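Work through the exercises below with the sequence and the model at hand. Each task is followed by its solution in steps.

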Amino acid sequence: MDARFDMLGNEIAVKFAKRFANAGLVIHQSSLPRSTQELVSLRASQINGCGWCIDMHTKEAAAAGETPVRLNLVAAWRESTVFSEAEQAALALAEEGTRLADAHEGVSDETWAAVRKHYDDDQIAALVALVALINAANRMAVIVHQRGGSYEPGMFAAALG
């Protein structure tokens with residue numbers, strides 16, 4: 001299956017992508033740990049079946065020093081021993097924030113309490129914004145059938161340069 005539409009080959013789409021990337025830059029520059037940002041983005045992308053974003057965030061995380069073991073276990077984080085309690089709270093928020101339609105309450109009080117325990121207000125703001133942003137990115141890429149496999153670390157930033 002080929003991509004239906006080139007989101008970086010259309011003037012309006014590029015303008016939007018630059019603004020979208022600027023929103024992401026606010027999160028990237030926050031005090032939320034970079035590894036947590038990539039793990040959350042990867043987990044939401046796995047849930048949404050976004051090959052492009054899985055490819056991107058796996059490779060960006062690896063380039064930033066994330067280990068193959070942790071990257072391979074993100075999909076089964078509850079059944080692994082390699083994530084801190086703080087990372088587990090962020091991954092739970094990513095899952096519940098991505099699967100809003102699956103639970104009437106959205107993000108559970110238990111998950112929210114775990115997030116509050118491990119992150120300060122600025123980090124929580126970045127985490128909530130990240131979950132929203134990656135879900136939007138997943139939807140755009142899935143809609144246009146942007147496939148994974150060809151991404152190289154830094155490619156997105158360079159394309160928007």
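Helix H3 is followed by Gly 65, whose phi is positive, near 105 degrees. The model is predicted, so local features need pLDDT of at least 70 and side-chain atom pairs pLDDT 80 or more, while totals for chains, interfaces and linings use all residues. Residues are numbered from 1 along each chain as its sequence is written, and side-chain values use heavy atoms, with hydrogens and water left out.

**Exercise 1.** Check the length of helix H3 (residues 51–63) against a rise of 1.5 Å a residue.

Solution. Helices are DSSP runs of H or I with at least four residues, numbered from the N terminus. The expected span is 1.5 Å times one less than the number of residues. For the 13 residues of H3 this gives 18 Å, and the end C-alpha atoms are 18 Å apart, which agrees.

**Exercise 2.** Decide whether His 57 is buried or exposed, and list its contacts.

Solution. His 57 lies in H3. Buried means under 20% relative accessible area, exposed over 50%, and partly exposed in between (1.4 Å probe, protein chains only). At 11%, His 57 counts as buried. Other buried residues of H3 include Trp 52, Asp 55 and Glu 60. Contact means heavy atoms within 4.5 Å. Leaving aside neighbours within four places in sequence, His 57 touches Glu 38, Ser 41, Leu 42, Ser 45 and Ile 134.

**Exercise 3.** Classify the packing of helix H1 (residues 11–28) against H7.

Solution. Axes are lines fitted to C-alpha atoms over the stretch in contact, and angles run from 0 to 180 degrees between N-to-C directions. H1 and H7 pack at about 150 degrees, with axes 9 Å apart. Angles under 35 degrees count as roughly parallel, over 145 as roughly antiparallel, 65 to 115 as roughly perpendicular and the rest as oblique. H1 and H7 are therefore roughly antiparallel. Among the residues in contact are Phe 16 and Phe 20 of H1 and Leu 133 and Met 140 of H7.

**Exercise 4.** Do the same for helix H2 (residues 34–48) and helix H7 (residues 121–143).

Solution. The angle is about 40 degrees and the axes are 9 Å apart. That makes H2 oblique to H7. Contacting residues include Gln 37 and Val 40 in H2, and Leu 127 and Arg 139 in H7.

**Exercise 5.** Describe phi and exposure at His 145.

Solution. His 145 lies in the loop between H7 and helix H8 (155–160). Its phi is near 60 degrees, a positive value in a residue other than glycine. Most residues other than glycine have a negative phi. At 21% relative accessibility, His 145 counts as partly exposed.

Notes:
Helices (H or I, at least four residues) and strands (E, at least two) are DSSP runs, numbered from the N terminus.
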